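This report goes through one protein chain, from its parallel strands to its nonpolar core and overall dimensions. Please keep the sequence and the coordinates at hand while reading.

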Amino acid sequence: MLFRSTNDCSQKSPSSSPRRISLLGATGSVGRSTVDLLERNPDLFSVSAIAGGKDVEGLADIARRVKPEFVAIFDENAYAALKEALAGTNIQVGAGPAAVIEAALRDADLIVSAIVGAAGVEPTHAALAAGKDVALANKECLVCAGAPFMRTARQKNVRLLPVDSEHNAIFQALGGEDPDRIERMIVTASGGPFRTWSKEQIAEATVEQALNHPNWAMGPKITVDSAGMMNKGLELIEAHHLFGVPAAKLEVVVHPQSIVHGMVAFSDGSVTAGLAAPDMRVPIAHCLGFPERLAAPTPRLDFAKIATLTFEAPDFDRFPALRIALDALAQGGGLTTVLNAANEIAVEAFLDRRIAFSGIAHHVEEACAIALREGYAKEPSTIDEALDVDRLVRARSRKKLAVSDPRVQSTIH
């Protein structure tokens, strides 16, 4: 398994001394939800470090509230502004990619990795390699470099706790069962804003329509992924690595209410499921408190009011991105590294209104075909190898889609 046995309580729990937390991606949606829980439980947690991308004001505000020892901002040009914003505090400030890695390596009991995209790969892996437990909200770490990540987690005997609501629900639904008794592992999809749209309507969707998710409030990149169901493909790839389940046992089912987040079907015909309101503080609280339960101010389910839960099969014709992701997982090797990089740049191009919504899946499929043809879709054996392929695909994608290569990646929060 990716994490130590749930019976191993050697890590500090909320009932003992305060657990030291480092938060990477503090100003994003998951980061802010994490901050909310930390502020509500000041006796249970202390903050070692926080890191963000380029939002100086937002990062400084969070720093003043949770009082970390160290704050890192990815944008090197933002150092002076952040330093000034935190003048009069005892908080140390760093800037640039190396500073974000330093934040990941600060003394902490748990690293919350909430950086979006491949930008989170190096600092998150650095934390694992240093023997630190990680609460992972960055699915791209495993999509881009799953084999090296899981190998490091095993070698260092550290916990890699899933923050994504689907994987966290599955983690809880597993309940320590024998993985060999799993017949199916199912992640649910809300269907996003285009669940009932025709293929033609989806192809011409605007940025505003793609960002109008019916159930979740998330950052722009993950919201666009959700609208095209690429997000579910990435989650299946992540589940494959997290739980060691082969692609043939992984499924997606569309569940518009977003109450059931993940299910596990066992060899005796029974199915266990993880249910909760669509609030990211539920899985975050589970990871922060693990192996104990942390109280959270999240909505409680009233099944009489909910009344009906519905499920639908995914439509691969209207949502080709899901099919493309599943094909990449089935083919294995490093094709998912290619898929992830091409998708990030295609989403950037869509948000910049350079390509149509349908162009995202088209570009990713083409990038995967080129990688197979030219022979650079082999399984990366190290993080560096994965990042080399990632950089190659990004450069080619930016050139093809006329997307600029910004000094600071917009997907870092």
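## Strands 8 and 9

Is strand 9 (residues 250-254) largely enclosed by the rest of the structure, or left open? In this predicted model, four of the five residues of strand 9 are buried, so the strand is largely enclosed by the rest of the structure. Strand 9 runs parallel to strand 8 (residues 182-189), and five bridges join the two. Within this pairing, Val187 has Val252 of strand 9 as its bridge partner.

## Strands 1, 2 and 3

Strand 2 (residues 45-52) is likewise described by its burial: seven of its eight residues are buried, so strand 2 is largely enclosed by the rest of the structure. It is joined by six bridges to strand 1 (residues 19-24), with the two strands running parallel, and Ser22 finds its bridge partner in Ala49 of strand 2. Between these strands the chain passes through helix 1 (residues 29-40), and the resulting β-α-β crossover is right-handed.

Strand 2 also runs parallel to strand 3 (residues 70-73), to which four bridges join it, and here the bridge partner of Ile50 is Val71 in strand 3. Together with helix 2 (residues 56-66), strands 2 and 3 make a β-α-β unit that is right-handed.

## The nonpolar core

The largest nonpolar core holds 132 residues, of which Ile50, Leu82, Phe243, Leu288, Leu339 and Phe357 touch the most other members. The element that gives the most to this core is helix 15 (residues 335-351), with ten residues. Ile50, named among these core residues, is also the residue whose bridge partner in strand 3 is Val71. Val71 appears again around Leu82, which, once neighbours within four places in sequence are left aside, is in contact with Val56, Leu59, Ala60, Val71, Ile73 and Val93.

## Helix 15

Helix 15 consists of 17 residues and reaches 24 Å from its first C-alpha to its last, which is close to the 24 Å expected at 1.5 Å a residue. The helix is mostly covered, with 16 of its 17 residues buried. Just after helix 15, Arg353 takes a positive phi of about 65°.

## The surroundings of His286

His286 lies in helix 12 (residues 281-289). Its relative accessible area is 9%, and because a residue counts as buried under 20%, His286 is classed as buried. When residues up to four places away in sequence are not counted, His286 touches Asn168, Phe171, Gln172, Glu292 and Arg293.

## Overall dimensions and contacts

The secondary structure of the protein comprises 17 helices and eleven strands. Along the principal axes, the C-alpha trace spans about 55 × 50 × 40 Å. For 413 residues a compact globule would be expected to have a radius of gyration near 22 Å, and the 20 Å found for the protein agrees with this.

How many of the residues, as a percentage, count as buried? Of the 413 residues of the protein, 58% fall into that class. As for contacts, among those between residues at least 6 apart in sequence, 68% join residues that are at least 24 apart.

Definitions and conventions. Residues are numbered from 1 along each chain as its sequence is written. This is a predicted model: local features need pLDDT of at least 70, side-chain atom pairs count only at pLDDT 80 or more; totals for chains, interfaces and linings use all residues. Side-chain values use heavy atoms; hydrogens and water are left out. A nonpolar core is a set of buried Ala, Val, Leu, Ile, Met, Phe, Trp, Tyr and Cys residues joined through side-chain atoms within 4.5 Å. Buried means under 20% relative accessible area, exposed over 50%, partly exposed in between (1.4 Å probe, protein chains only). Contact means heavy atoms within 4.5 Å. The expected span of a helix is 1.5 Å times one less than its number of residues. Two strands pair if DSSP finds at least two bridges between them. A crossover is right-handed if, with the strands pointing away from the viewer, the path from the first strand over the helix to the second runs clockwise. The radius of gyration is taken over C-alpha atoms; the globule rule is 2.2 Å times the number of residues to the power 0.38.
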